[in-house]
Amino acid sequence: MTEIRRTIRKHTGVMSHNKGKTFEEAFCKFMTTDLGYSKAYTGHNMPSRVNPRGIKLDIVAKRKSKAGELIYKITIGVILLIIPIGLVCYLVMPKTDENTFILLFTIGLILVLSGLALIIATNYTIEYAWVECKNWKDKVPIKEVEKMLFEFNSHNHSKDKRFVFRHKYFVSANGFVDNALTYAIDNKIMCYICNDNKFEFVDW
């Protein structure tokens, strides 16, 4: 009988884990299709100032910041314009060695600066999102939101500089207790619930 109970507990735990994993993967997809993130993935271990083993974060998502997106679009526009403009200048200006050198030097300089701008826009203007998911039958209590915020702050005070987290999300399958939602909103945590297999933003 004891062995049967252990087996039941084991399989229940596996089923619970699988349901949680499926829930997280569904929100990952939602973040890339509806929230503008370029990538979202599950199960990342984050360094913590107070926990040497780190924090197992449910989801990490990333996207270009608005500034990065603007730099990227402007740079692509410049690259697309400079080549035909350079060709027109070459056809209409007097053909001297000095003019050709100035034109090629100018085009080359603009392309080099554009390349640097693309590198900056792609690698140094990325913002990350910290996401906690609870696929529970009950509403999320305030202690879980407090725990998430504590872990978020403990990571930000760690020495890990690989991730700059700009946004915080808490996703619950069945909603939040009132004081938990109030606490989350007061601390700029974006809350989502799952309603009819669709994720919905909640602010009260």
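What pLDDT does the chain average, and what share of the residues score at least 70? In this predicted model, local features need a pLDDT of at least 70 and side-chain atom pairs count only at pLDDT 80 or more, while totals for chains, interfaces and linings use all residues. Residues are numbered from 1 along each chain as its sequence is written, and side-chain values use heavy atoms, with hydrogens and water left out. The chain averages a pLDDT (the predictor's confidence in each residue, from 0 to 100) of 84, and 90% of the residues score at least 70. Over residues 1-15, pLDDT stays under 50, and the model has zero contacts (heavy atoms within 4.5 Å) for them beyond four places in sequence.

The aromatic residues come next. The structure holds 18 aromatic pairs (rings of Phe, Tyr and Trp, the last by its six-membered ring, with centres within 6.5 Å; planes under 30 degrees apart count as stacked, over 60 as edge-to-face and the rest as tilted). One of them joins Phe30 and Tyr192 edge-to-face, at 5.7 Å centre to centre and 65° between the planes. Because Phe30 lies in helix H1 and Tyr192 in strand S5 (residues 189-195), this pair ties together parts that are 162 residues apart in sequence. Helices (H or I, at least four residues) and strands (E, at least two) are DSSP runs, numbered from the N terminus. Phe30 and Tyr192 are both buried, that is, under 20% relative accessible area, where exposed means over 50% and partly exposed in between (1.4 Å probe, protein chains only). Ring pairs also link them into a cluster with Phe23, Phe27, Tyr37, Tyr169, Phe199 and Phe201.
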